[in-house]
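Here are a few notes to go with the structure, meant for someone seeing it for the first time. Keep the viewer open and follow along point by point.

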Amino acid sequence: MTDEELPRSLVRPAEAYLDHLAVERGMSANTLGAYRRDVTRYLRWLVAEGVVEPQDVTRRHVTGFLQALGTGADGGHPLAPRSAARTIVAVRGMHRFWTLEHLTETDPAREVTPPRPARELPKAIRVDQVTALLEAVPTDTPAGLRDRALLEFLYATGARISEAVGLDVDDVVGAVRGPTGAGPDAGADPSGDRGEGDEESGPAVVRLFGKGSKERIVPLGSYAAAAIEAWLVRGRPVLASQSGTGGPALFLNQRGGRLSRQSAWTILKKAAERAGIGTEVSPHTLRHSFATHLLEGGADVRVVQELLGHASVTTTQVYTLVTADTLREVYAAAHPRARA
């Protein structure tokens, strides 16, 4: 069954829910797209079960859909518990919306509990591995300056990859460190001190726009600031000239347009290969490493929560488990009476 063949009696209230998420909840385009796919899959299941009106949905239909997600019995690909849980969250939200908007009298999904996925600790890499990854990027070309600036930025801010590629030049606020015309490894002062007579003072910061377009301010470390300055001065003008317009995006592709998430992932993958890092590295690995290294350095978990843009500190506290595991490993290896 194609999406066009779905009955309007189900599609219209589903679209109302998605419009609510976009307009009133301010959901990002990426998250909204995932919700749309989840809802569409659910609507196909309902039609296959003979349901064409919202008020005819029962708890049996919702629980049946949940079971089908794990096996692919609904005609889609089988989903892991985490993905199935996300899908059911979307379905529960839609039914709750329908009830509040008086499109249905009852909420058949209210007591359907999403599957609880196994808790996975975020994977971080060591500080020396991060350093090797960053230094593996050559900076003798405009693209190399961009790649170094991007990776330094991801590790310095803990930004999501979508947040990084969505940045404009004006989102970097304040004094960007580094001598004019110099690259990140060409004499930039990592201390961040500024001499007398400088027109601007203080470290650079960046405005990041996270989930729900929520804005947060994150400081830039001196190495990331110097790498971004080198990119802005020596690299970006070259790539911007390829488009003839020089759009506002901070990170550009070879044609002068905005760098895509896929291209950013490729940049990181190549750098990891050059650095000889054997473990799988993704853009989120740098975000995890950012948080883990801050906590290991003594940062307060609520500060890390704010820097990461987490709505709840509970989400951030998973990183404290990683740090505790590291402490236990070091203790077991170093203390003379840790083991019998």
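1. Start with helix H6, residues 142-157, which lies across strands S2 and S3. The helix runs at about 80° to S2. Bear in mind that this is a predicted model.

2. Now the sheet under discussion. It is an open one with three strands in the order S1-S2-S3, and the pairing is antiparallel. S1 (172-173) and S3 are the edge strands, each pairing on one side only. S1 is joined to S2 (residues 205-209) by two bridges. If you want to find one of the residues involved, look at Val173: its bridge partner in S2 is Val205.

3. Next, go to Ile217, which sits in strand S3, residues 215-219. Is Ile217 buried, exposed or partly exposed? Its relative accessibility is 45%, and buried would need under 20% while exposed would need over 50%, so Ile217 counts as partly exposed. Setting aside neighbours within four places in sequence, Ile217 touches Val205, Val206 and Arg207. Leu307 is 90 residues away from Ile217 in sequence, yet the two C-alpha atoms are 7.6 Å apart in space.

4. Just before the sheet comes Val169, in the loop between H7 and S1. Val169 has a relative accessibility of 26%, so this residue is also classed as partly exposed. Beyond its neighbours within four places in sequence, Val169 is in contact with Leu232, Arg236, Pro248, Ala249 and Leu250. From Val169 to Phe251 is 82 residues along the sequence but 8.3 Å in space, C-alpha to C-alpha.

5. Phe251 turns up again in the largest nonpolar core, which has 49 residues. Which members touch the most others there? They are Leu133, Leu150, Leu151, Phe153, Trp231 and Phe251. At least two residues of this core come from each of H5 (127-135), H6, H7 (161-165), S2, H8 (222-240), H9 (261-275), H10 (283-296) and H11 (301-308). The biggest giver is H8, with seven residues. As background, nonpolar side chains tend to be buried together in soluble globular proteins.

6. Leu133 is a good residue to click on in that core. Leaving out neighbours within four places in sequence, Leu133 is in contact with Leu151, Leu268, Ala271, Ala272, Ala275, Ile277 and Val281. There is also another core lying apart from the largest one, with 32 residues, including Met27, Leu32, Val47 and Phe65.

7. Over to a helix pair. H2 (residues 29-48) and H4 (residues 81-100) pack at about 75°, with axes 9 Å apart. That angle makes H2 roughly perpendicular to H4. On the H2 side, the residues that meet H4 are Tyr35, Asp38, Val39, Tyr42 and Leu43. On the H4 side they are Arg86, Thr87, Val89, Ala90, Val91, Met94 and His95. Sorted by type, the residues of this contact are eight nonpolar, two polar and two charged.

8. Finally, the overall numbers. The protein has 13 helices and three strands. How many of its residues count as buried? The share is 44% of 340. Among contacts with a separation of 6 or more, 63% are between residues 24 or more positions apart.

Terms used. Residues are numbered from 1 along each chain as its sequence is written. This is a predicted model: local features need pLDDT of at least 70, side-chain atom pairs count only at pLDDT 80 or more; totals for chains, interfaces and linings use all residues. Side-chain values use heavy atoms; hydrogens and water are left out. Helices (H or I, at least four residues) and strands (E, at least two) are DSSP runs, numbered from the N terminus. Buried means under 20% relative accessible area, exposed over 50%, partly exposed in between (1.4 Å probe, protein chains only). Contact means heavy atoms within 4.5 Å. Axes are lines fitted to C-alpha atoms, for helices over the stretch in contact, and angles run from 0 to 180 degrees between N-to-C directions. Angles under 35 degrees count as roughly parallel, over 145 as roughly antiparallel, 65 to 115 as roughly perpendicular and the rest as oblique. Ala, Val, Leu, Ile, Met, Phe, Trp, Tyr, Cys and Pro count as nonpolar, Asp, Glu, Lys and Arg as charged, and the others, Gly among them, as polar. Two strands pair if DSSP finds at least two bridges between them. A nonpolar core is a set of buried Ala, Val, Leu, Ile, Met, Phe, Trp, Tyr and Cys residues joined through side-chain atoms within 4.5 Å.
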